[in-house]
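Biologist: Hello! I am new to this one, so please show it to me and then take my questions in turn.

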Amino acid sequence: MEISESVGEYLEALLVSEESGAPLARISWIAQHLGVSPPSAVEMLKKLQEWGYVTYEPRRGVELSEEGRAIARQIIRNHRLIEILMKETLNVNIDEGVVCGLEHHMNEKFTDALCTLLKHPRRCPHGNDIPKGNCCK
């Protein structure tokens with residue numbers, strides 16, 4: 001199944017929540033983070049659960065499955081490498097609209113090539129960890 005940008009944004013948000021130390025992401029946080037209504041978030045999370053990307057526990061929260069986490073890690077890796085490319089290589093301000101537009105359209109081969117070009121950075125300009133790829137081993 002090809003991952004839509006919308007699905008990718010949800011998975012990415014859940015990994016960001018996980019990175020902050022939250023064992024389960026709350027619906028209210030997800031909705032606010034993505035700029036959607038809580039009912040819209042619940043609807044999408046139910047679909048993500050059907051597809052095996054998350055475990056959704058009503059009134060408790062959501063956590064990524066291993067498959068969902070792998071997809072989210074790739075998107076976050078793409079995102080953070082593009083930020084480094086923009087800031088440190090191209091010397092332009094990080095434009096989150098551009099970053100978010102590109103992160104969903106990069107394949108692993110391209111991402112590994114970008115990571116290698118950037119000398120396998122471990123942190124993005126915001127200080128967040130960059131997940132390692134096959135090229136980093």
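Modeller: Happy to help! A word on names before we begin: helices of at least four residues and strands of at least two are DSSP runs, numbered from the N terminus. Please keep in mind that this is a predicted model.

Biologist: Thanks! Which pattern does the chain follow, read along the sequence?

Modeller: The secondary structure of the chain comes to six helices and two strands. Put in sequence order, they give the pattern α-α-α-β-β-α-α-α.

Biologist: What is the radius of gyration of the chain?

Modeller: Let's start with the extent of the C-alpha trace, which is about 45 × 30 × 25 Å along its principal axes. For 137 residues, a compact globule would have a radius of gyration near 14 Å, and the chain agrees with that at 15 Å.

Biologist: Among contacts in the chain between residues at least 6 apart in sequence, what percentage join residues at least 24 apart?

Modeller: First, a word on burial: 41% of the 137 residues in the chain are buried. As for the contacts between residues at least 6 apart in sequence, the part joining residues at least 24 apart is 58%.

Biologist: Let's turn to a single helix. How far apart are the end C-alpha atoms of helix H3?

Modeller: Helix H3 takes in residues 38-50, which is 13 residues. At 1.5 Å a residue it should span 18 Å, and the distance between its end C-alpha atoms agrees: 18 Å.

Biologist: Which elements are included in what covers the buried residues of H3?

Modeller: The buried residues of H3 are Ala41, Val42, Met44, Leu45 and Leu48. An α-helix has 3.6 residues a turn, so residues three or four places apart point the same way. What covers the buried residues of H3 includes H1, helix H2 (27-34), strand E1 (54-57) and E2.

Biologist: What phi does glycine 52 take, just after H3?

Modeller: Glycine 52 comes just after the helix we have been discussing, H3. Its phi is positive, at about 85°.

Biologist: Is arginine 59 buried or exposed?

Modeller: Arginine 59 sits in the loop between E1 and E2. Most residues other than glycine have a negative phi. Arginine 59 has a positive phi near 65°. Its relative accessible area is 78%, and the cut-off is over 50%, so arginine 59 counts as exposed.

Biologist: What is the relative accessible area of asparagine 91?

Modeller: Asparagine 91 belongs to the loop between helix H4 (66-89) and helix H5 (96-103). Its phi is positive, near 55°, in a residue other than glycine. Asparagine 91 is exposed, and its relative accessible area is 63%.

Biologist: And leucine 15? Leaving aside neighbours within four places in sequence, which residues is leucine 15 in contact with?

Modeller: Leucine 15 is part of helix H1, and with a relative accessible area of 5% it is buried. Serine 65 is 50 residues away from leucine 15 along the chain, yet their C-alpha atoms are separated by 11 Å. Without those neighbours, the contacts of leucine 15 are Leu64, Arg69, Ala72, Arg73 and Ile76.

Biologist: Now for the empty spaces. Which elements give two or more residues to the lining of the largest cavity?

Modeller: There is one cavity of 30 Å³ or more, and about 30 Å³ of space lies in the largest one. Its lining residues are Leu14, Ser17, Glu18, Ala22, Pro23, Ala25, Val62, Glu63 and Leu64. The elements giving two or more residues to that lining are helix H1 (5-19) and strand E2 (61-64).

Biologist: Which residues are the closest to the centre of the largest pocket?

Modeller: The largest pocket has a volume of about 210 Å³, and H1, H2, H4 and H5 each give two or more residues to its lining. By class, that lining has six nonpolar, four polar and five charged residues. Of the 15 lining residues, the closest to the centre are Glu12, Val16, His79, Glu83 and Glu96.

Biologist: One last thing: leaving aside neighbours within four places in sequence, which residues is histidine 79 in contact with?

Modeller: Histidine 79 lies in helix H4 and is buried, with a relative accessible area of 9%. Beyond those neighbours, the residues in contact with histidine 79 are Glu12, Glu96, Val99, Cys100 and Glu103.

Key. Residues numbered from 1 in each chain as written. Predicted model: local features only at pLDDT ≥ 70, side-chain atom pairs only at ≥ 80, totals over all residues. Heavy atoms only, no water. 1 Å grid on protein atoms, 1.4 Å probe; cavity = no way out; pocket = protein on both sides within 12 Å on 5 of 7 lines; lining within 4 Å. Points joined across faces, edges and corners; volume = space filled by probe spheres on them. Expected span 1.5 Å × (residues − 1). Buried < 20%, exposed > 50% of the residue type's maximum accessible area, 1.4 Å probe, protein only. Contact = heavy atoms within 4.5 Å. Rg over C-alpha atoms; globule rule 2.2 N^0.38 Å. Nonpolar A, V, L, I, M, F, W, Y, C, P; charged D, E, K, R; others polar.
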